[in-house]
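Colleague: Before we go through this model, could you tell me which rule stands behind each label that you use? I would like to see every value set against its cut-off.

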Protein chains: 2
Amino acid sequence: MQQQPRSVRTIYATSARRAIVDLLKSERRYLTAATIFAALKPAIPKLALSTVYRTLELLVGKGTVSTRAETNGEAGFVFCTDAHHHHAICTACGHVDEVDCDAMERFKLDLLQNQSFVLDEHAVEFFGRCARCR
Amino acid sequence: MQQQPRSVRTIYATSARRAIVDLLKSERRYLTAATIFAALKPAIPKLALSTVYRTLELLVGKGTVSTRAETNGEAGFVFCTDAHHHHAICTACGHVDEVDCDAMERFKLDLLQNQSFVLDEHAVEFFGRCARCR
DNA sequence: CTGTATGCAAATCATTTGCAGCTTA
DNA sequence: TAAGCTGCAAATGATTTGCATACAG
């Protein structure tokens with residue numbers, strides 16, 4: 001079940017890619033492809049929306065970016081680490097923080113004891129107020 | 001911020017609606033509009049996909065059905081109660097169980113004490129093995 | 001130079017909508 | 001009967017893809 005090395009493909013560090021990663025890194029909240037495109041278009045006039053989509057797909061594959069479906073059907077993207085974690089989303093500013101898993105582990109044990117459900121995977125999103133907005 | 005009573009609209013119990021609800025009730029796992037359509041088409045030849053969508057929208061509004069985005073971009077729908085709860089999804093059969101919130105409340109307290117994050121809302125999905133598939 | 005990435009425009013595909021005819025209450 | 005539904009076909013809107021050209025290494 002190993003990932004096949006498929007003849008090493010060199011990934012180029014182009015200006016478009018750098019710009020997209022930089023934006024995601026500085027924003028740290030869910031952005032749609034269209035939003036990213038609109039934000040960078042002025043600085044990079046020849047940028048194409050398809051390039052944004054292709055770059056995001058690449059980043060999600062690398063684990064550098066996490067994605068989720070927004071309520072309106074669009075996809076949102078955030079910069080994040082690839083370690084297992086969950087998102088704490090501020091309802092005031094949209095800032096996305098990562099939540100460590102220690103508390104989650106305790107919760108998992110609790111769930112097993114009280115509902116005898118064997119927890120393998122979980123997807124969690126928390127909505128509340130971050131330190132700055134409190 | 002109250003919901004306006006908007007001149008009471010009578011909701012008809014049509015055969016198409018009954019069929020869709022019955023299917024969701026008996027399956028108890030995430031189904032896409034297309035899947036539902038394909039499953040009922042043989043029995044109801046004149047059924048239209050748009051009717052399936054319109055019915056699902058109605059059910060989600062009533063709280064009878066819960067929806068989520070599948071990985072391939074389609075929307076999945078499950079029958080469920082309208083009380084606040086979370087889903088425990090069996091990775092073997094896809095069966096969706098509801099998880100009560102007591103454990104969640106304890107988790108919330110834990111999160112506040114250890115990461116000082118004020119939890120307002122949360123969206124959780126658990127993946128594991130249900131009693132039948134264990 | 002050579003393998004990658006990009007822009008552009010056209011193609012997909014799930015979901016939505018307008019409208020005239022059909023049903024339910 | 002009237003208020004709600006439904007099917008049908010066409011419209012929408014996000015995302016994807018083919019291809020010739022531009023660029024990074």
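Modeller: A polar contact is a pair of N or O atoms within 3.5 Å; within protein, one atom must be able to donate a hydrogen and the other to accept it, and residues adjacent in sequence count only if both atoms are side-chain atoms. The model is predicted, and local features need pLDDT of at least 70, side-chain atom pairs count only at pLDDT 80 or more, while totals for chains, interfaces and linings use all residues. Residues are numbered from 1 along each chain as its sequence is written, chains are lettered from A and ligands numbered from 1 in the order in which they are written, and side-chain values use heavy atoms, with hydrogens and water left out.

Colleague: What makes the approach of B:Ala48 to DNA strand D a polar contact?

Modeller: A polar backbone atom of B:Ala48 is 3.0 Å from a phosphate oxygen of DNA strand D, and a pair at that distance is within the limit, so it counts. The side chain of B:Arg17 also reaches a phosphate oxygen of this strand, with an N or O atom at 2.6 Å, whereas A:Arg54 has a polar side-chain atom 3.5 Å from a base oxygen of DNA strand D. Two or more residues each come to the surface near DNA strand D from helix 3 (49-62) of chain A and from helix 1 (15-27) and helix 3 (49-62) of chain B; helices (H or I, at least four residues) and strands (E, at least two) are DSSP runs, numbered from the N terminus.

Colleague: How many residues surround DNA strand D, and what makes a residue count as near?

Modeller: A residue is near a molecule or strand if one of its heavy atoms lies within 4 Å of it, and 22 residues surround DNA strand D, with A:Tyr53, B:Arg17, B:Lys46, B:Leu47 and B:Thr51 the closest. Of the atoms of DNA strand D that come within 4 Å of the protein, 75% belong to sugar and phosphate. By class, this surface has 10 nonpolar, 5 polar and 7 charged residues, where Ala, Val, Leu, Ile, Met, Phe, Trp, Tyr, Cys and Pro count as nonpolar, Asp, Glu, Lys and Arg as charged, and the others, Gly among them, as polar.

Colleague: Which residues are closest to DNA strand C?

Modeller: DNA strand C is surrounded by 23 residues, of which A:Arg9, A:Arg17, A:Lys46, A:Thr51 and B:Tyr53 are the closest; sugar and phosphate make up 73% of its atoms that come within 4 Å of the protein. Polar backbone atoms of A:Ala48 and of B:Ala75 are each 2.9 Å from a phosphate oxygen of DNA strand C, and a polar side-chain atom of A:Arg54 lies 3.1 Å from a base nitrogen of it. Helix 3 of chain B gives the most to the surface near DNA strand C, with 4 residues.

Colleague: Why is A:Arg68 said to sit over the ring of A:Tyr30?

Modeller: The label requires that NZ of Lys or CZ of Arg be within 6 Å of the ring centre and within 35 degrees of the ring normal. The charged end of A:Arg68 sits over that ring at 4.3 Å from its centre, and B:Arg68 lies over the face of B:Tyr30, likewise 4.3 Å from the ring centre.

Colleague: Why is A:Arg28 called partly exposed, and why is B:Val78 called buried?

Modeller: Buried means under 20% relative accessible area, exposed over 50% and partly exposed in between (1.4 Å probe, protein chains only). A:Arg28 has 30% and B:Arg28 has 29%, so both are partly exposed, whereas B:Val78 has 0% and is therefore buried. A:Arg28 also has a positive phi of about 55 degrees although it is not a glycine, and it is found in the loop between helix 1 (15-27) and strand 1 (31-32) of chain A.

Colleague: How do you know which strands of chain B stand at the edges of the sheet?

Modeller: Two strands pair if DSSP finds at least two bridges between them. Strand 1 of chain B is joined to strand 3 (residues 75-79) of chain B by 2 bridges, running antiparallel, and B:Leu31 stands opposite B:Phe77 there. The open sheet of 3 strands has the order 1-3-2 in chain B, with antiparallel pairing. Strand 1 and strand 2 (65-69) of chain B each have a single partner strand, so they stand at the edges, with one side of each left without a neighbour in the sheet.
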